[in-house]
Amino acid sequence: MKTLRIILIAVLAIGYSQTFGQSEPIKVAQGYKIDIKTSAVCSMCKEAIEYDLAFEKGEKSATLDVPSKVVTVVYNPKKTDADKIRKRITKVGYHADNFERDSVAYEKLPFCCKDGTHEDEHDPH
Amino acid sequence: MPTVNDFLFITEAIMKFKLILIISTICLSYTSKAQVVSGMVADQKHEPLIGATVLELGTQNGAVTDINGRFQLTLVDKSSKLVVSFTGFKSDTLAADLSKLMHIKLQESLEELGEVTVTASATFMDQLESKHVEIITEAELNKAACCNLSESFETNASVDVSFTDAVSGAKTIRMLGLDGRYVQINRENLPHIRGLIGRYGLGYVPGTWIQSIDVGKGSGTVVNGYESMTGQLNVELKKPETSETLYLNGYVNSFGRMEVNANHARNLSDKWSTAFLFHGDYFASEVDNNNDGFMDLPKSRQFNLMNRYKRTGEKVMMQMGLQVMRDEKAGGQLGFGFGDDFQTSSEYGFLNQTTRVEVFGKTGLLFPHKPYKGWGFIYSGSYTDIDAGFGRNEYTGTEKTGYLNAIYQNIIGNSFHQYKAGASFLIDDFEESYADSAFTRQEVVPGLYYEYSYLPSDKFSLIAAGRVDFHNLYGNFYSPRLHTRYQFSDKTSIRMAAGRGYRVANPIVERSNILVSSRQLIVQEAPEPEVSWNLGGSLVTNFTLGDEDLNLVFDYFYTHFENQLIYDMDQSSNNLFIYNLNGDSYAHSFQVEGKYALSQFVEIKAAYKFYDVRTTIAGRLQEVPFVSRDRFFLNASYATKYDKWKADLTIHWYGSKRLPNTNDKPMELQREAESPDYFHINTQVSRGYRWGSIYLGSENLLGFTQDDPIIDPDNPFGENFDASIVWGPIVGRMVYAGIRYKIKRANN
């Protein structure tokens, strides 16, 4: 029993290190679900990413959580895959897991969506 | 960026807050002085909240945020706390920080305004506005793929649209049961559709140019003049500083009508921006589905171009523009075309050629540290030329108009007491001829007005206003107006309005639909200005039903005419008598409208309307013809997130209408005293893409049409011919398709 547990942990650890911090798609009722870490900083960024993904082929739903910067995408694996979705996010101007953002798209983002513009804000909550 | 106009009409601006792009204003900052706290109130999406209340805790000292969501408040005690509140959001109490521009974010109170209500609603009413105003957004306008302003109200219950006659194809609007000529139609707060373009002018505002429309029921503000009698429409066009870099639209329908629209906007420098708006349409097919030998729709072609400029700045804002428009219509019997001479043609011809040139502009002087204070100058000049023919009769008309309005806005002591004061000047020069008569008229009308707003809290507001205009031909016009609003709770508010309005009629053009008949036009006396009082109110309430709120709006308006120009079609079917009202004339209008989101994607809107509109015609108080006593309206819309898929279905039911008396015609040409009721159904499906959208739709899906809309169509030059007794659709089912292509504006 003990060895089995060690093996299991080892396998999980190897699996984890291989994905290099990226989560893997998991199967859900409507297709596959993936969590992608982005560089979104505000609700305008959320809007931009969710809007763009809504028109991505194979996309079922996309919801970005601003505090954790994670966008959860449900997609049809026959029409797209996780890397295509990540690339699409970079084209909007944001990092997506290991994928670097497109610098041209980033330059075009509104001021509030850029790095370092949210430190001096008063947030009562 | 706020426009001059937005700045000057804060009350109007309040209701536009969802439409305004704010990106560039978010990160502005300025230094604050001792004792003075300043900042900006925004929602979680960083959109500024306009009209949010900022109160110094425990005092009556407060401020209301401006168009940018910014406020400035001189504190009684600099260690005070601020209470920040806004309808639909959780109030917040926090310490005042005088050292910097405060960024205050309020959280939406989800119980009151669920996400669905916000995203699904394309029409909404502003809770804080004192007047009863509905806002039709671009999303709502897209539901009907409308070609022009007259078709923009398909999915709105408050404005009725109907055909005017069986030949010209013109559509007209009605509000509160009364003809659209009693509605003041402004374009960006400049009086626009009036005078000679009063009848066809709605067709001269292309749908793709429109950013939003504010529909105000009842008396309007005095700032825009004396002409708002039953309501006020304000059309906001696409702005140089915010609209798409490129917007292309192509449209074609099953009758053969084609349309091209193209908008382009760009920044010229960090202060100046420009926009070009273009519209062209062409329709030269002959459609005669009812086989009466007359085209059901006239041939038409239009060229319409606007170029506008805007300068933004801290202290001076300016905008100016130029519009050139040429519209031609040729209808009547089959075979009649654009270049034909109606006076010699063997066919009965209807012709209308309108050319219009307009320049307009606004200048605003702002005080950056006093956002409540400002000067505004709005002006326009236009030249309109109409050549028209109705059978053998020729009509020509030219109108030259100059208009200037200077507005000063400030507060009295604190922002609870605000006022606008101003002076306007109108010069309007008419030269008209019809058949063998000629008419000229020159109106010179200087005016003064004052509007006081008392805004002690977000629960109560009162606007008391008055204006006086010194008309060179008709003496002084006194237009008092009163608006008040009280909010019982977060879910229920009531509004009341009363006011008087005036207008000077243009008897030939504004009922030119009656001229497509053998009726002799008989003007029995010199027309006096039309004067009416309007009194009414509305109750808006929300009930929680299941997971969502059912939004209910009840409104009632009463219009009473002191004088009205009567177009009497009843006395004799061979004449149209025009005379001033001698007796009673009134309209009662009652409407109940409900709106409910069935799910995240589906929203239902339904309305019932009751009208009792009576006027003294031929010495007897009788129902005004062509008005349905009862009307029902239902709109169901489905939209997935970001409008990737959208579908709409709109059902109108029109109750029976009284028709003009035709008992003196030969038996076989007589018409019923009342029209039957009928349904009119429109539908549209659209698919959105990152680059734009494609759409497919149908108007008059059931294909219902009025039988024999024209009396005696075989003898158009005979004494019984009449194409003006129209109560229903003339053309049957129409199918259309179109494409929209957009290149979004870069954000910085």
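1. Buried means under 20% relative accessible area, exposed means over 50%, and partly exposed is in between. E562(B) has 39% relative accessibility, so it counts as partly exposed. Keep these cut-offs at hand for the points below. The model is predicted.

2. Start with the partner of E562(B). Its side chain meets that of R500(B) in a salt bridge, at 3.0 Å from N to O. E562(B) lies in strand β32 (residues 548–563) of chain B and R500(B) in strand β29 (residues 492–503) of chain B, so the pair ties together parts that are 62 residues apart in sequence. R500(B) is buried, because its relative accessible area of 15% falls under 20%.

3. Some salt bridges share partners. One network formed this way joins D179(B), R181(B), R199(B), R503(B), E510(B) and E530(B). Within the network, the side chains of D179(B) and R181(B) meet at 3.4 Å, N to O. D179(B) counts as buried because its relative accessibility is 10%. R181(B) is buried as well, with a relative accessible area of 13%.

4. Next, a pair that involves strand β22. The side chains of K362(B) and E188(B) form a salt bridge of 4.0 Å, N to O. K362(B) sits in strand β22 of chain B, while E188(B) sits in the loop between β13 (183–187) and β14 (190–191) of chain B, so the pair links parts that are 174 residues apart in sequence. K362(B) counts as buried at 3% relative accessibility. E188(B) is buried too, at 4%.

5. For the wider count, a search of the whole structure finds 48 salt bridges over all chains. Side chains of opposite charge can pair when their charged atoms come close.

6. What does N186(B) touch, leaving aside residues up to four places away in sequence? The contacts are P191(B), H192(B), N224(B), Q232(B), L233(B), N234(B) and V235(B). N186(B) itself is in strand β13 of chain B. The residue is buried, with a relative accessible area of 1%.

7. Now the surface. F303(B), L305(B), L322(B), V324(B), V357(B), V359(B) and Y383(B) make a nonpolar surface patch of about 520 Å². Three elements of chain B give two or more residues to the patch: β20 (299–311), β21 (316–332) and β22 (349–366).

8. Is V359(B), a member of that patch, buried, partly exposed or exposed? V359(B) counts as partly exposed, because its relative accessibility is 43%. V359(B) is found in strand β22 of chain B. That strand also holds K362(B), which counts as buried.

9. On domains, the assignment for chain B gives domain 1 (4–105) and domain 2 (123–743). The C-alpha centres of domain 1 and domain 2 of chain B lie 36 Å apart.

10. Finally, chain A. Helix α2 (residues 43–54) of chain A has twelve residues. From its first C-alpha to its last, helix α2 reaches 16 Å, close to the 16 Å expected at 1.5 Å a residue. Which residues of α2(A) are buried? They are S43(A), M44(A), C45(A), I49(A), E50(A), D52(A), L53(A) and A54(A). An α-helix has 3.6 residues a turn, so residues three or four places apart point the same way.

Note on methods. Residues numbered from 1 in each chain as written. Chains lettered and ligands numbered in written order. Predicted model: local features only at pLDDT ≥ 70, side-chain atom pairs only at ≥ 80, totals over all residues. Heavy atoms only, no water. Helix = DSSP H or I, 4+ residues; strand = E, 2+ residues; numbered from the N terminus. Expected span 1.5 Å × (residues − 1). Buried < 20%, exposed > 50% of the residue type's maximum accessible area, 1.4 Å probe, protein only. Patch = residues over 30% accessible without salt bridge, like charges linked within 9 Å, V, L, I, M, F, W, Y side chains within 5 Å. Areas by Shrake-Rupley, 256 points an atom, 1.4 Å probe, with all protein chains shown as cover. Domains from an automatic or database assignment. Contact = heavy atoms within 4.5 Å.
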